[in-house]
Amino acid sequence: GTRLGFTIDNGKIHNVSLGQGQEVVAEHAMEVAAAEGHWVILQNIHLVARWLSTLEKLVEHHSQESHPEYRLFMSAEPAPSPETHIIPQGLLDNSIKITSEPPTGMRANLHGALDLFNQETLEQCSKESEFRCILFALCYFHAAVAERRRFGTQGWNRSYPFNNGDLTVSVNVLLNYLEANAKVPWDDLRYLFGEIMYGGHITDDWDRRLCRTYLSEYVQPEMLDGEVSLAPGFMIPPRMDYEAYHQYIDDNLPGESPHLYGLHPNAEMGFLTVTSDRLFRTVLELQPKESEAAGGSGVSREEQASQAVLDEIIQQLPDPFNMEEMMGKAKEKTPYTVVALQECERMNILTNEMRRSLKELDLGLQGELTITSEMEELSNALFYDNVPESWTRYAYPSLLTLANWYADLLLRIRELEVWSTDFVLPATVWLAGFFNPQSFLTAIMQSTARKKQWPLDKMCLAADVTKKTREEITFPPREGSYVHGLFMEGARWDVPSGSIADARMKELTPEVPVILLRAIPVDRMDTINVYECPVYKTRTRGPTYVWTFNLKTKEKAAKWVLAGVALLLEA
């Protein structure tokens with residue numbers, strides 16, 4: 001603009017940052033510019049969703065008979081998902097589009113983070129070596145937290161909008177704190193970076209722990225002696241000039257791999273598998289719906305397939321539990337009996353909804369009922385092997401396809417049938433088989449609290465991983481309960497050493513042996529050499545959190561925090 005004689009000072013550039021009430025200003029600027037041949041910059045048009053249709057009409061109107069030097073520039077943030085896309089097609093079709101893609105990979109991210117500073121920045125502080133050292137570690141930390149997002153929920157439970165502003169403000173804070181204190185205030189710095197600058201974005205407690213752990217590993221007094229490695233084989237560099245830091249990255253940073261973020265290589269496999277699954281599912285859904293009517297019967301391929309799946313499900317669906325009869329059998333209302341009754345009741349709600357919707361669809365496919373949009377959605381789900389949304393409302397979180405989900409459902413019903421015949425606790429309980437696993441875990445504590453007269457709020461669960469498989473357990477324990485059917489993501493359980501160990505390649509979610517759960521007073525809980533391992537219902541993590549089990553580890557717990565190690569109830 002300056003080169004061509006267009007500047008804000010000479011009034012030939014109109015810069016409008018859109019937001020509340022700025023639409024009128026933008027409309028006036030476009031009118032003046034179109035008449036006089038000025039440039040208009042409209043920033044953040046995604047913030048004025050309702051005005052975009054007006055903007056589209058204005059752009060079209062001014063494109064005819066306007067001054068030849070009139071130009072319009074617009075900026076917007078990309079939509080987080082295709083469904084939330086709001087920019088009108090007309091604006092996109094008629095414009096030259098320039099996208100600013102964030103860098104991918106540790107090398108590009110680390111160079112990008114360093115590019116926010118220069119040689120002058122490095123010379124600002126009187127404690128030069130400390131400042132440079134921590135600044136480089138912060139750049140690596142910034143690159144790690146930003147790029148970790150691509151590993152899905154094993155990276156972060158939720159996605160956070162970390163940005164360059166977080167890093168530049170952190171470096172300003174670092175400069176001020178180093179100048180104001182005689183010694184480096186390590187704890188204060190870690191708290192400010194981890195809980196306020198970056199932690200301000202974080203809403204999940206486990207992600208907050210991850211952020212804190214990164215900083216405790218990267219920002220520590222030993223870094224000044226060059227004894228801290230940011231990744232295997234990549235040490236914090238000695239005091240250097242700005243350009244030398246860039247050169248150090250090119251010469252010493254290992255090749256791109258999950259190891260650079262503290263993750264196991266399996267994390268990449270898991271994330272790529274999920275991505276390709278999603279791709280193939282989308283391709284399948286893009287296929288033309290109406291195929292040739294099979295054998296001239298006038299029934300589409302989709303309807304035939306849906307009918308076959310429907311018949312199979314209805315045939316195998318067991319009768320609902322007789323709740324009145326079960327209430328009569330359950331003389332003593334122990335915590336475990338209450339859990340069993342609640343689970344049977346919830347199972348009845350789910351199977352009744354399945355039976356109702358399938359019978360309705362059956363009548364629709366036979367032409368006896370008008371097909372509604374709900375029936376059509378159910379039919380499509382049966383054809384594409386998805387669990388219908390009308391069922392998931394009453395079900396438990398699951399990422400399985402319909403065939404596997406239904407097989408899993410029948411197993412859950414069988415477990416409940418066995419348990420509810422005499423209400424005797426099974427030798428080992430399938431923890432994943434519950435709608436609400438927390439209720440069973442609480443029942444373990446309640447029954448111990450009643451037996452020993454302990455206050456419930458001063459108790460917790462101790463998880464001891466045994467060396468036995470489910471088949472080897474024949475009797476329930478004297479106290480607590482054995483549970484099975486848990487899987488570990490990010491690492492594996494090593495039976496001989498009785499602790500967490502590095503995962504084996506291509507074993508994404510190895511099964512954990514039977515675990516003995518006992519209720520103990522909080523003050524007797526082991527806190528040395530343990531990793532506080534979150535338990536989730538599915539790989540989605542976040543909202544599917546169940547409990548925390550303290551598992552034994554021979555290595556530092558920080559290693560497993562960075563690796564995103566968790567127990568899952570569904571592999």
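## Helices, strands and the model

Helices (H or I, at least four residues) and strands (E, at least two) are DSSP runs, numbered from the N terminus. By this definition the chain has 19 helices and 15 strands. This is a predicted model, in which local features need pLDDT of at least 70 and side-chain atom pairs count only at pLDDT 80 or more, while totals for chains, interfaces and linings use all residues. Residues are numbered from 1 along each chain as its sequence is written, and side-chain values use heavy atoms, with hydrogens and water left out.

Taken along the principal axes, the C-alpha atoms of the chain fill a box of roughly 90 × 75 × 40 Å. A residue is called buried under 20% relative accessible area, exposed over 50%, and partly exposed in between (1.4 Å probe, protein chains only). Of the 571 residues of the chain, 46% count as buried. Contact means heavy atoms within 4.5 Å. Among contacts between residues at least 6 apart in sequence, 71% join residues at least 24 apart.

## Domains and annotations

An automatic or database domain assignment supplies the domain bounds. The chain is divided into domain 1 (2–94), domain 2 (106–263), domain 3 (301–424) and domain 4 (426–570). The C-alpha centres of domain 2 and domain 4 lie 33 Å apart, and 15 residues of domain 2 are in contact with 20 residues of domain 4.

Buried area is the accessible area (1.4 Å probe) that two parts lose on being put together, summed over both. For domain 2 and domain 4 this comes to about 1,300 Å², with 53% of it on carbon and sulfur atoms. Gln-154, Trp-206 and Arg-209 supply 42% of the area that domain 2 buries against domain 4, more than any other three residues.

UniProt positions are given in the numbering used here, feature names are shortened, and annotations may be inferred rather than shown by experiment. In an unreviewed entry, UniProt lists residues 10–99 as "domain: Dynein heavy chain region D6 P-loop". This span is 33% helix and 16% strand, and the C-alpha atoms at its ends lie 29 Å apart. The UniProt annotation "domain: Dynein heavy chain AAA lid", also from an unreviewed entry, covers residues 132–267. Residues 132–267 are 53% helix and 4% strand, with end C-alpha atoms 32 Å apart.

## Nonpolar cores

In soluble globular proteins, nonpolar side chains tend to be buried together. A nonpolar core is a set of buried Ala, Val, Leu, Ile, Met, Phe, Trp, Tyr and Cys residues joined through side-chain atoms within 4.5 Å. The largest one has 134 residues, of which Trp-391, Trp-405, Phe-440 and Phe-549 touch the most other members. Helix H6 (residues 128–147) gives the most to this core, with 13 residues. A second, separate core of 19 residues includes Val-16, Ala-26, Val-48 and Trp-51.

Not counting residues up to four places away in sequence, Trp-391 touches ten residues' worth of neighbours, including Ile-313, Leu-350, Met-354 and Trp-405.

## Two buried residues

Where is Val-339 found? Val-339 lies in helix H14 (residues 335–365) and is buried, with a relative accessible area of 3%. Leaving aside its neighbours within four places in sequence, Val-339 is in contact with Trp-419, Phe-434, Ser-439, Phe-440 and Ala-443. Val-339 and Ser-129 are 210 residues apart in sequence and 61 Å apart in space, C-alpha to C-alpha.

Leu-567 is in strand E15 (residues 566–568) and is buried at 0% relative accessibility. From C-alpha to C-alpha, Leu-567 and Ala-491 are 9.6 Å apart, with their places 76 residues apart in sequence. Beyond four places in sequence, the residues that Leu-567 touches include Phe-487, Val-512, Tyr-536 and Phe-549.

## Cysteines

A disulfide is a pair of cysteine sulfur atoms within 2.5 Å. A search of the whole structure finds zero disulfides. Cys-125 has no such bond because the closest cysteine sulfur, in Cys-133, is 12 Å away, which is too far. Cys-139 is in no disulfide either, and the nearest cysteine sulfur, that of Cys-133, is 12 Å away. Both residues count as buried: Cys-125 at 3% relative accessibility and Cys-139 at 0%.

## Positive phi

Most residues other than glycine have a negative phi, and most peptide bonds are trans. Phe-423 has a positive phi, near 60 degrees. Phe-423 is found in the loop between helix H17 (402–422) and strand E6 (428–430), and counts as buried at 14% relative accessibility.

Asn-529 has a positive phi of about 55 degrees. Asn-529 lies in the loop between strand E12 (515–521) and strand E13 (530–536), and is exposed, with a relative accessible area of 56%.
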